[in-house]
Amino acid sequence: MKYIYQPAANKDAYTLLLLHGTGGDEQDMLPLAPELAKDFHILSLRGNVQEHGMPRFFRRLGMGVFDEPDVHFRTHEMVHFLKELSAKEGFDLQKLVATGYSNGANIAGAVLMLYPELLAGAILFRPMQPLHGIEDPFETNRQQPVFMSSGKMDGTVDPAATAAYATLLTANGFRVSSYDINTGHNLTQQDIDLAAGWVQENFR
């Protein structure tokens with residue numbers, strides 16, 4: 001898996017895990033990092049799947065229809081990679097804050113569901129629920145904070161589905177802060193400002 005790692009001065013800092021949207025790469029989300037979280041380690045990944053030459057974190061069968069077996073496989077693959085990388089680069093695996101946009105938000109959400117105790121928190125921009133009908137309950141005891149922002153005019157994501165997803169995460173022990181923004185699927189400065197305030201509040 002291709003990645004960029006930028007260590008912070010403080011080796012005990014949190015790590016901002018950046019996960020791009022469809023067609024992005026490991027460079028894509030880097031400009032957001034200083035706006036979202038100062039003094040964090042920065043780790044940015046590139047998805048291992050190609051869709052018509054565009055990197056993604058997992059396959060989809062159509063617009064908004066995910067290949068759920070591949071979601072499972074790619075999530076386990078990514079978590080295994082993160083565990084190896086934390087030993088290599090020296091960041092604390094218990095202090096990972098995932099920040100994903102669209103497809104990146106969805107693989108981060110899959111980590112919340114399949115490895116509920118792993119992340120210290122997550123920022124999900126324009127998320128969709130990545131998995132349905134998981135047999136095992138995915139409760140967390142860490143009560144990690146999760147930030148979600150959706151676009152009111154988003155043609156890709158149904159706001160009712162996002163609300164149901166937020167309810168599901170809350171029911172399983174996550175502390176969800178959810179925002180509806182007057183925009184489409186694109187990321188706005190308002191998303192960044194809200195998420196930066198949320199980071200300050202939760203990760204001082």
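This is a short talk on strands, helices, salt bridges and three single residues in one structure.

Good morning. One point before we start: the model is predicted.

Let's begin with strand β10. Strand β10 covers residues 145-151. Is this strand mostly covered or open? It is mostly covered: seven of its seven residues are buried. Look at where the side chains go. P145, F147, S149 and G151 point one way. V146, M148 and S150 point the other way. Residues on both sides of β10 are buried.

Now the neighbours of β10. Strand β9, residues 121-125, is joined to β10 by four bridges. Those two strands run parallel. Find F125 on your screen. Opposite F125, in β10, stands S149. Next comes strand β11, residues 175-181. How many bridges join β10 to β11? There are seven, and this pair also runs parallel. One partner to find is I181 in β11, which is bridged to G151. How does the chain get from β10 to β11? It crosses through helix α4, residues 159-171. This β-α-β crossover is right-handed.

On to helix α5, residues 189-202. Let's check its length. The helix has 14 residues, and at 1.5 Å a residue it should span 20 Å. Its end C-alpha atoms are 20 Å apart, so the two values agree.

Which residues of α5 are buried? They are D191, I192, A195, A196, W198 and V199. These residues cover an arc of only 160 degrees around the axis, so they sit on the same side of α5. Look at the spacing in that list. An α-helix has 3.6 residues a turn, so residues three or four places apart point the same way. What does the buried side pack against? The buried residues of α5 pack against α1, β8, β9, β10 and β11. So we meet β10 again, as one of the elements that α5 packs against. Now turn the helix round. The face turned away from the buried side carries Q200 and E201, and both are exposed.

Next topic: salt bridges. How many salt bridges does the structure hold? It holds nine. I will show you three of them.

Take R60 and E51 first. Their side chains meet with N and O 2.8 Å apart. R60 has 25% relative accessibility, so it counts as partly exposed. E51 has 17%, so it counts as buried. The cut-off matters here, because buried means under 20%.

Now R59 and D67. Their side chains meet in a salt bridge at 3.3 Å, N to O. R59 is partly exposed, at 41%. D67 is buried, at 12%.

Then D70 and R74. Their closest N and O atoms are 3.4 Å apart. Why are these two separated by about one helical turn? Because they are four residues apart in helix α2, which covers residues 68-89. D70 is buried, with a relative accessible area of 6%. R74 is buried too, at 15%. Now put the pieces together. Salt bridges that share partners join R59, D67, D70, R74 and E77 into one network.

Last part: three single residues.

Start with S102. Where does it lie? S102 is in the loop between β8 and α3. With a relative accessible area of 13%, S102 is buried. Leave aside its neighbours within four places in sequence. S102 is then in contact with G21, F125, R126 and H185. You know F125 already: it stands opposite S149 in β10.

Next is T15, in strand β2, residues 15-19. Is T15 buried or exposed? At 0% relative accessibility, T15 counts as buried. Not counting residues up to four places away in sequence, T15 touches F40, H41, L43, F91, K95, L96 and V97.

Finally, T75. This residue lies in helix α2, the helix that also holds D70 and R74. T75 has 0% relative accessibility, so T75 counts as buried. Which residues does T75 contact, leaving aside neighbours within four places in sequence? They are I107, A110, V111, L114 and Y115. Look at V111. Along the chain, T75 and V111 are 36 residues apart. In space, their C-alpha atoms are separated by 6.2 Å.

That is the tour. Thank you.

Methods. Residues numbered from 1 in each chain as written. Predicted model: local features only at pLDDT ≥ 70, side-chain atom pairs only at ≥ 80, totals over all residues. Heavy atoms only, no water. Buried < 20%, exposed > 50% of the residue type's maximum accessible area, 1.4 Å probe, protein only. Pairing = 2+ DSSP bridges. Right-handed = clockwise from strand over helix to strand, strands pointing away. Expected span 1.5 Å × (residues − 1). Arc of directions from axis to C-beta. Contact = heavy atoms within 4.5 Å. Salt bridge = Lys/Arg side-chain N within 4 Å of Asp/Glu carboxyl O.
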